[in-house]
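Thanks for asking me to look this one over. Below are my notes, set out as numbered points that you can check against the structure as you read.

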Amino acid sequence: MTIFSKIISGEIPCNKVLENENFLAFHDINPKAPIHILIIPKTEYKNFQEVDPKIMSEMTQFIQQVATFLGLDKGGYRLITNNGDDGGQEVLHLHFHLLGGAKLSWGHLSDSDPKNHL
Ligand code: 5GP
């Protein structure tokens, strides 16, 4: 059981933004932008590579609702999912990072210089 499953069950508290029957959105405990939300399905999929694509259609709709609810639809936002070891995924329960509230630079979320990986 991942830490996110414990958040879904209420065993671990979270700062909730929106929830419906199948998805939950809550503030990241270690924000990397003025607004940093994690969006997860209540069913445990390890990551994007393993999610049932049919779920993604509903999840897309939920993510759009969260962005609109927070007013990020107007100014824009960044949506990220880290997938697996090389993607930097730490929690093995599919989640999208919704980042916004400022004009985000491209580099600030990555500590790897592509020149070092040629
Ligand atoms: P990943 O690196 O797997 O893509 O991202 C995991 C994210 O989960 C990180 O941004 C981290 O700050 C966040 N996180 C880890 N544990 C907790 C927690 O207990 N509560 C909340 N709200 N966020 C968490």
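1. Let me start with a question: with which side chain does the side chain of His36 make a polar contact? The partner is the side chain of His97, at 2.8 Å. Please keep in mind throughout that this is a predicted model.

2. A little more on His36, then. This histidine is found in strand β3. With a relative accessible area of 4%, His36 is buried, because buried means under 20%. Setting aside its neighbours within four places in sequence, His36 is in contact with Phe26, His27, Asp28, Asn30, Pro31, His97, Leu98 and Leu99. Two of these names, Asp28 and His97, come back in the next point, as they are listed among the residues closest to the ligand.

3. Now the ligand itself. There are 16 residues around the ligand, and the closest are Asp28, Asn82, Glu90, His95 and His97. An N or O atom in the side chain of Asp28 is 2.5 Å from an oxygen atom of the ligand. For His95, an N or O atom of the side chain is 2.8 Å from a ligand oxygen. The backbone takes part too: a polar backbone atom of Ile29 is 3.3 Å from a nitrogen atom of the ligand. Taken alone, the ligand exposes 520 Å², and the protein buries 86% of that.

4. Which elements give two or more residues to the shell around the ligand? They are α1 (residues 3–9) and β2. Helix α1 gives the most, with 3 residues. By type, the residues of the shell divide into 7 nonpolar, 7 polar and 2 charged.

5. Glu90 deserves its own point, since it is listed among the residues closest to the ligand. Glu90 lies in the loop between α4 (84–87) and β5. Is Glu90 buried or exposed? At 74% relative accessibility, Glu90 counts as exposed, because the cut-off for that class is over 50%. That value takes only the protein chains as cover. If you would like a sense of distance, Glu90 and Pro13 are 77 residues apart in sequence and 19 Å apart in space, C-alpha to C-alpha.

6. Next, helix α2, which covers residues 53–69. How far apart are its end C-alpha atoms? They are 25 Å apart, which agrees with the 24 Å that 17 residues should span at 1.5 Å a residue. In α2, Met56, Met59, Phe62, Ile63, Val66 and Ala67 are buried. The cover over the buried residues of α2 includes β1 (16–19), β2 (23–27), β3 (35–41), α3 (72–75), β4 (78–80) and β5 (96–100). After the helix comes Gly71, whose phi is positive, near 75°.

7. Asn20 touches that helix. The place of Asn20 is in the loop between β1 and β2, and at 32% relative accessibility this residue counts as partly exposed. Beyond its neighbours within four places in sequence, Asn20 is in contact with Lys42 and Phe62; Phe62 is one of the buried residues of α2. Asn20 and Lys42 are 22 residues apart in sequence and 9.4 Å apart in space, C-alpha to C-alpha. The side chain of Asn20 also reaches the backbone nitrogen of Phe23, at 2.9 Å.

8. A second asparagine, Asn47, sits in the loop between β3 and α2. At 5% relative accessibility, Asn47 counts as buried. What does the side chain of Asn47 reach? That side chain reaches the backbone nitrogen of Gln49, at 3.1 Å. Leaving aside neighbours within four places in sequence, Asn47 is in contact with Asn83, Gly84, Gln89 and Leu94. For Leu94, the separation from Asn47 is 47 residues in sequence and 4.1 Å in space, C-alpha to C-alpha.

9. Last, Arg78, which is found in strand β4. This arginine is buried, with a relative accessible area of 14%. A polar atom of the Arg78 side chain lies 2.8 Å from the backbone oxygen of Ser105. Strand β4 is also among the elements that cover the buried residues of α2.

Key. Residues are numbered from 1 along each chain as its sequence is written. This is a predicted model: local features need pLDDT of at least 70, side-chain atom pairs count only at pLDDT 80 or more; totals for chains, interfaces and linings use all residues. Side-chain values use heavy atoms; hydrogens and water are left out. Helices (H or I, at least four residues) and strands (E, at least two) are DSSP runs, numbered from the N terminus. The expected span of a helix is 1.5 Å times one less than its number of residues. Buried means under 20% relative accessible area, exposed over 50%, partly exposed in between (1.4 Å probe, protein chains only). Contact means heavy atoms within 4.5 Å. A residue is near a molecule or strand if one of its heavy atoms lies within 4 Å of it. A polar contact is a pair of N or O atoms within 3.5 Å; within protein, one must be able to donate a hydrogen and the other to accept it, and residues adjacent in sequence count only if both atoms are side-chain atoms. Accessible areas come from the Shrake-Rupley method with a 1.4 Å probe; for residues, only the protein chains shown count as cover. Ala, Val, Leu, Ile, Met, Phe, Trp, Tyr, Cys and Pro count as nonpolar, Asp, Glu, Lys and Arg as charged, and the others, Gly among them, as polar.
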